[in-house]
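Reader: Hey, I'm new to this one. Can you walk me through it?
Author: Sure, ask away once it's up on the screen.

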Amino acid sequence: MFTIVFFWYVRYCCIGTMSSSSSGSSESAIYRDSVDETCGFQIKCGKFNRRFLIPFLQCFATPKFALAFLCCASIAQGFVISGLLSVVITTLEKRFHLHSTETGFIASSYDIASCLSVLVITYIGGKGHKPSWIGWGIFIMGIGNLFFSLPHFIAPAYTIGEEQHNLCNSTDTVHSKCTPSNLKSYMAFFVIAQLLNGLGGTTLFTLGVTYLDENVEQVQSSLYHGIYYASSVVGPAFGFLLGGQLLKIYTDIGESVNIEDTSQLWIGAWWLGFLVGGVVIMILAIPILLFPMRLPNTAHLRANREQEMHQDRVAETMKHSDNAVRFSDLRWSILVLLRNPTFLFITIAASLDTALVIGLTTFGPKYLESMFSLTPSQAAIYFGILAIMAGATGQLLGGVLVTKAKLTVSGILKFCAACAVIAFATSFVFFQSCPDNLFAGATVKYSDASQDTQLSAYDHTSHCNMACDCNPDTYDPVCGDDGVTYFSPCFAGCNAAVDEHTYSNCSCITSSNLSRATRNKCTDAKCKSFNTFMAIFFFSILATFFAGTPAVQALLRVVPFTQRSFAIGVKFVILRLLGSIPGPLVFGRVLDLACVVWTTECGKPGSCELYNNDNLASHMAALLAIIKGLVTLAYLCAWFTYKPPPKSTFDRLDDLPLDGAITRNAMLLPTARGAGVAVGDVLRSANYGKVSYRTLKEEVADM
């Protein structure tokens with residue numbers, strides 16, 4: 001229903017007629033062309049269609065400024081969607097009494113909206129005014145972020161209760177957090193906000209990619225895309241770094257409280273980043289809305305851009321399609337892509353890589369925390385720095401390489417396959433395992449346990465804490481003087497709290513007279529190969545991202561020029577269905593198989609808090625090797641199935657508009673020999689004047 005309503009709206013109110021009538025004076029045609037290339041604000045609804053020109057902004061109508069504004073929007077999108085949201089998820093669960101499945105659905109709502117709307121947006125928007133679609137999409141995303149922060153202002157004010165220390169025989173009730181709460185109703189605001197974010201954000205990496213591609217030389221397109229995709233990696237980094245700092249601010253700014261930000265009762269300013277981010281995003285939408293439909297003096301850059309298109313009978317007919325929106329042609333557009341095996345294999349490879357990247361982004365910090373005995377903050381910082389450096393560097397260098405080496409589609413596919421082989425080889429570093437953390441009742445027995453006591457992932461009781469009546473739903477790990485981690489102070493048998501971080505008189509700890517424990521898990525680093533692992537892991541991520549931008553270039557080149565936006569949209573849907581949605585589920589399931597300590601929630605299994613390192617390493621290495629092996633196979637299949645067009649002859653100039661103008665190298669033409677000379681070789685790198693297509697054809701025919 002959501003898709004149908006959106007589809008009807010854009011069709012009725014905002015599209016109008018995309019193809020202009022052939023009648024009319026040449027003067028009016030020139031005026032339309034000048035409007036298409038002039039900065040201004042377009043209002044188009046039904047029969048009303050007017051563009052308000054702003055000539056003094058024309059100096060900004062260049063590919064570099066378009067790239068700059070799109071990069072800023074990409075950074076802002078990544079900041080709130082990929083970075084900030086991940087940081088505040090736990091706080092939202094605590095503030096609004098949500099379960100992990102509920103916050104997981106909130107996060108998935110973004111992808112749901114994207115999948116439902118992307119085909120409509122890319123098919124119609126790809127034939128229309130792309131900056132308008134992108135700008136309004138960004139504006140909608142800004143509204144979505146403001147909507148996300150709204151529950152803070154309309155929900156009942158947060159009140160601080162009495163802090164519990166989870167001591168032996170404490171008054172903390174077992175099911176105190178299991179009672180129904182009216183605060184859960186505010187989940188609807190977060191879901192609606194994410195739907196708006198997904199709807200608006202879809203335009204950035206679909207229409208934004210093709211807008212850059214069609215307004216620069218093909219040889220420069222990869223460089224622009226490399227910079228663009230590199231900026232998308234920077235955004236989440238800011239989200240992680242700034243989001244953590246915002247959570248150190250109390251949720252009601254200005255109110256003085258007597259607890260520290262490490263307290264279980266602390267609620268940080270989760271809403272502030274979304275409020276500020278929403279305003280910034282809405283402001284960024286304005287300059288993008290002012291960009292023209294096509295940048296000035298770029299018409300010749302769109303000519304002869306299908307020299308490397310995969311050869312197919314249906315695709316050949318689509319080469320000459322106009323920009324008119326005819327939904328009867330939608331099935332032909334889909335058929336062209338489904339008949340293109342190179343497009344499909346590139347998309348499958350990208351989907352598998354997306355599943356890998358999102359899976360590692362979700363569970364990578366937890367893997368480092370468990371394997372190398374790091375604190376959560378240390379694991380997040382190490383992984384964040386590694387991913388940012390490798391991801392941004394890979395995306396940028398991949399784009400530079402295609403531009404500098406002037407790789408063809410075949411060369412790009414071979415390069416992507418080589419990168420996949422490198423990532424496949426380096427993924428075996430995950431077979432490296434470190435000693436397990438000592439966890440009472442899970443990896444080691446309690447000191448008073450009998451010989452026949454079995455280790456358990458759920459039951460953490462023993463004779464020393466049997467009389468404590470501990471809450472199994474409250475996971476609050478402590479590190480004992482004996483170097484063993486306990487599920488909570490209560491399960492360690494602690495009877496007193498020295499301060500907020502130290503507990504004493506712990507009956508399960510017998511290594512010292514004080515029998516003390518400190519809050520958080522024992523983090524004594526026992527694995528000496530951390531630096532080696534991180535170095536090899538860096539090259540694995542680098543190789544994965546190295547192929548990202550070149551793969552996008554290959555995908556754009558093997559489809560008809562008029563179908564590029566729609567091809568990105570179809571790829572977007574497949575990527576979500578095969579990559580970003582199932583990816584975290586697969587990685588989560590693989591990690592769960594290695595879990596040795598589970599929390600409970602209202603008596604039901606909750607999340608995993610500790611893994612068996614040997615099983616974790618082998619499971620992760622096997623999963624990464626399988627994925628990268630399939631990625632390598634997909635790129636090789638794309639290379640083998642790619643059918644490049646035959647060497648274009650000058651007779652193929654009939655395919656180009658005869659009233660256009662091209663530039664050519666006058667010194668190159670006399671060296672052409674017969675019909676075997678490729679059109680692209682003559683049309684490329686020309687700086688010696690202009691000649692019509694008809695004149696050029698006649699000139700070559702006389703050779």
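Reader: Okay, so of the contacts between residues at least 6 apart in sequence, what percentage join residues at least 24 apart?
Author: That's 77% in this protein chain. Keep in mind that this is a predicted model.

Reader: Got it. How many helices and strands are there?
Author: The chain has 21 helices and 11 strands.

Reader: And what share of the residues is buried?
Author: Buried residues account for 51% of the 703 in the chain.

Reader: What about the outside, how much area does the chain expose?
Author: About 31200 Å², and 63% of that comes from carbon and sulfur atoms.

Reader: Which residues make a nonpolar patch on the surface?
Author: Phe238, Phe240, Leu241 and Leu242 make one of about 390 Å². Leu242 belongs to helix 8, which covers residues 218-246.

Reader: Why does Leu242 count as partly exposed?
Author: Because its relative accessibility is 44%, and partly exposed covers the range between 20% and 50%.

Reader: Let's switch to Lys130. Where is that one?
Author: Lys130 sits in helix 5, which spans residues 130-154.

Reader: Is Lys130 buried or exposed?
Author: Lys130 is buried, because its relative accessible area is 5% and the cut-off for buried is under 20%.

Reader: So what does Lys130 touch?
Author: Leaving out residues up to four places away in sequence, Lys130 touches Gly125, Leu207, Thr210, Tyr211, Glu214 and Ser565.

Reader: New topic: where is the kink in helix 3?
Author: The kink is centred on Leu85 and comes to about 50 degrees; helix 3 itself takes in residues 63-96.

Reader: And what follows helix 3?
Author: His97 does, and its phi is positive, near 55 degrees.

Reader: Now the strands. In what order do the five strands of the open sheet come?
Author: They go 4-3-7-6-5, with antiparallel pairing. The edges are strand 4 (485-486) and strand 5 (494-497), each of which pairs on one side only.

Reader: What holds strands together in a sheet, generally?
Author: Backbone hydrogen bonds, and the pairing can be parallel or antiparallel.

Reader: Back to this sheet, how many bridges join strand 3 to strand 4?
Author: Two, and those strands run antiparallel; strand 3 is residues 478-480.

Reader: Which residue in strand 4 stands opposite Cys479?
Author: Thr485 is the one facing Cys479 there.

How values were computed. Residues are numbered from 1 along each chain as its sequence is written. This is a predicted model: local features need pLDDT of at least 70, side-chain atom pairs count only at pLDDT 80 or more; totals for chains, interfaces and linings use all residues. Side-chain values use heavy atoms; hydrogens and water are left out. Helices (H or I, at least four residues) and strands (E, at least two) are DSSP runs, numbered from the N terminus. Buried means under 20% relative accessible area, exposed over 50%, partly exposed in between (1.4 Å probe, protein chains only). Contact means heavy atoms within 4.5 Å. Accessible areas come from the Shrake-Rupley method with a 1.4 Å probe; for residues, only the protein chains shown count as cover. Patches are made of residues with over 30% relative accessible area and no salt bridge: like charges are joined within 9 Å, nonpolar side chains (Val, Leu, Ile, Met, Phe, Trp, Tyr) within 5 Å. A salt bridge is a side-chain nitrogen of Lys or Arg within 4 Å of a carboxyl oxygen of Asp or Glu. The bend at a residue is the angle between axes fitted to the seven residues ending there and the seven starting there. Two strands pair if DSSP finds at least two bridges between them.
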